Amino acid sequence: MDARSDRNAIPLAVDLDGTLVATDLLWEGLFILLKKNPLYFFLLPLWLTGGPARLKQEISLRVDIDPASLPYRQELIDRLRAEHREGRVIVLATGTPRKFAEAIAAHLGIFDRVLATDGPHNMTSGRKCSALVAAYGDAGFDYAGNSRHDLKVFDAARNALVVAPDRSARRWQAAHQAEAMPAPKPTLRTYIKMLRMHQWLKNALIAVPMVLSHEYFNPNMIWECLLAFVSFSAVASAIYILNDFFDLALDRKHPTKRSRPFASGALSIPFGMGAIAALLAIGIAAGLFLPIEFLGVLAGYLVVTSAYSLSFKRMLLVDVLTLAGLYTIRVLAGAAATGVDVSFWLLAFSIFFFLSLALVKRFVELRTTAIPPGERIAGRGYRTEDQEIVAQAGMASAFSSALVLALYMDSPAVRELYPHPWLIWPLAPIVLYLTMRVWILARRDEMHDDPVVFIIRDWRSQIVVAIGAVFLVAGGW
């Protein structure tokens, strides 16, 4: 008997979570469940008292997964397909609930048998090892796995294939000289994408109250703004990660979002959970050096962004109003950090200006998402026929922000604060230029980024903003 025939006579058992797919379906199912109804969170401790198998079964009873969208390890899939064509028996042996495992097996069409968590039996570690030995005998099967939970199965298998190993599996592989199939290691860019550091640019709004109060050279205020920036950026990144967890299925269907670290499987959900805890700790620690009012604003931001991730983002118009409010909260955070009073004019301008930019975001999604009339964009409350009204509302908001700014310039407050108020009049047409240009580019399908980030990055917008800053400083000199 040749080597190939000998190999094919031995079944190959394959683990699922972390091995066949670069994710953990228990975590994914949990976030799908909480997205459906956050109140399920309070049932989790009850289910856990029945053990891991009970928790898995309760989650699988209430949610479905899309096998086609999961981040499979393509190198392993290709190998399994080749061996299946040669007649080898391939077994899916997983601690994942049977409902999920069978859906994946049916989708791939390469598995002859499925061993999975069913009822009270959690098919991991020793239980999985016993089931495989009972079915095929000691050393009567080969096994592909990835984690410390697979070590007992590796020991009982004839040959082991260690796929994308964790620390324990990597040590076992090195000690036994087993075959390895490593996964690409995350790069610095992967972690930057996880944090969405480009979104930190939005937190520059924290400095707006300081700038408008003409305190740009006040070292204490500059330090307070820097601390607030660090605090808000850390907390914002934590919320972005949480939002990614809730949107895994949607992101994988998106042409660009599918490459995000968690959607693609480049980073694990447990790693992301640890990152959330660390980022929240950094954000709160930095906030402790600022007035208590800042921590109040930060807590409000956490509540609103969490509500946005769980629910508001799927509600028609509520989502864009919430986004506009979140930008305004950053301005309020800057005021709370530095002790500067915020005027009604600034808040009114901020709401209209950022509502316009939030509507641009939805307009671009409507333009670039191919869905039939009458159906909503996945995860949103909008349909293709809403394009015109979204655009009209966005332009109206842009002009409203310029109108508020113009009225403010003619108010007694400006005449008291600015020795040369006529020098700040160009700010109104500058605001119109920024917003109208964004809308024109969106209409031309040349706007594919967050509009706030686009304005900050775009060199033309940078020049116009710099000119506006010169007029603002000159007016108050």
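How many aromatic pairs does a search of the whole structure find? In this predicted model, the search finds 17 aromatic pairs, and the views below take up some of them together with salt bridges and a patch of surface charge.

**View 1. Overview of the chain in the predicted model.** The chain contains 23 helices and six strands, and its C-alpha trace extends over about 95 × 50 × 40 Å along the principal axes. Of its 477 residues, 50% count as buried, and a total of 24 salt bridges is found in the structure.

**View 2. Tryptophan 345 and tyrosine 408 form a tilted aromatic pair.** The ring centres of tryptophan 345 and tyrosine 408 are 6.0 Å apart, with an angle of 50° between the planes. Tryptophan 345 belongs to helix α18 (residues 344–368) and tyrosine 408 to helix α19 (residues 387–409), and the pair therefore links distant parts of the chain, 63 residues apart. Tryptophan 345 is partly exposed, because its relative accessibility is 27%, whereas tyrosine 408 counts as buried because its relative accessible area is 18%, under the 20% limit.

**View 3. Ring pairs join five aromatic residues, Trp27, Phe31, Phe245, Phe246 and Phe262, into a cluster.** The cluster is held together in the sense that ring pairs link its members, Trp27 and Phe31 being among them, as are Phe245, Phe246 and Phe262.

**View 4. A salt bridge joins the side chains of lysine 35 and aspartate 247.** The N to O distance in this pair is 3.0 Å. Lysine 35 sits in helix α2 (residues 25–36), while aspartate 247 sits in the loop between α12 (219–246) and α13 (248–251), so the salt bridge ties together parts that are 212 residues apart in sequence. Both partners are shown with their surroundings: lysine 35 is buried, at a relative accessible area of 16%, and aspartate 247 is buried as well, at 7% relative accessibility.

**View 5. Aspartate 142 and arginine 88 form a salt bridge.** The closest N and O atoms of aspartate 142 and arginine 88 are 2.5 Å apart. Aspartate 142 lies in strand β4 (residues 142–145) and arginine 88 in the loop between α5 (74–85) and β2 (90–97), a pairing that links distant parts of the chain, 54 residues apart. Both aspartate 142 and arginine 88 are buried.

**View 6. Aspartate 150 and lysine 128 form a salt bridge, shown with a wider network of charged residues.** Between aspartate 150 and lysine 128 the closest N and O atoms are 3.8 Å apart. Aspartate 150 is placed in the loop between β4 and α8 (151–156), and lysine 128 in helix α7 (residues 125–136), so that this salt bridge ties together parts that are 22 residues apart in sequence. Aspartate 150 and lysine 128 are both buried. The network itself consists of Arg79, Glu83, Arg88, Asp142, Arg158 and Glu179, which are joined by salt bridges that share partners.

**View 7. A patch of positive charge on the surface gathers Arg167, Arg170, Arg171 and Lys185.** One of these residues, arginine 170, is located in helix α9 (residues 167–176). Arginine 170 is partly exposed, since its relative accessible area is 45%, a value that lies between the limits of 20% and 50%.

How values were computed: Residues are numbered from 1 along each chain as its sequence is written. This is a predicted model: local features need pLDDT of at least 70, side-chain atom pairs count only at pLDDT 80 or more; totals for chains, interfaces and linings use all residues. Side-chain values use heavy atoms; hydrogens and water are left out. A salt bridge is a side-chain nitrogen of Lys or Arg within 4 Å of a carboxyl oxygen of Asp or Glu. Helices (H or I, at least four residues) and strands (E, at least two) are DSSP runs, numbered from the N terminus. Buried means under 20% relative accessible area, exposed over 50%, partly exposed in between (1.4 Å probe, protein chains only). Rings of Phe, Tyr and Trp (its six-membered ring) pair if their centres lie within 6.5 Å; planes under 30 degrees apart count as stacked, over 60 as edge-to-face and the rest as tilted. Patches are made of residues with over 30% relative accessible area and no salt bridge: like charges are joined within 9 Å, nonpolar side chains (Val, Leu, Ile, Met, Phe, Trp, Tyr) within 5 Å. Accessible areas come from the Shrake-Rupley method with a 1.4 Å probe; for residues, only the protein chains shown count as cover. Lys and Arg count as positive and Asp and Glu as negative; His and the chain ends are not counted. The place of a charge is taken as NZ of Lys, CZ of Arg, CG of Asp or CD of Glu.
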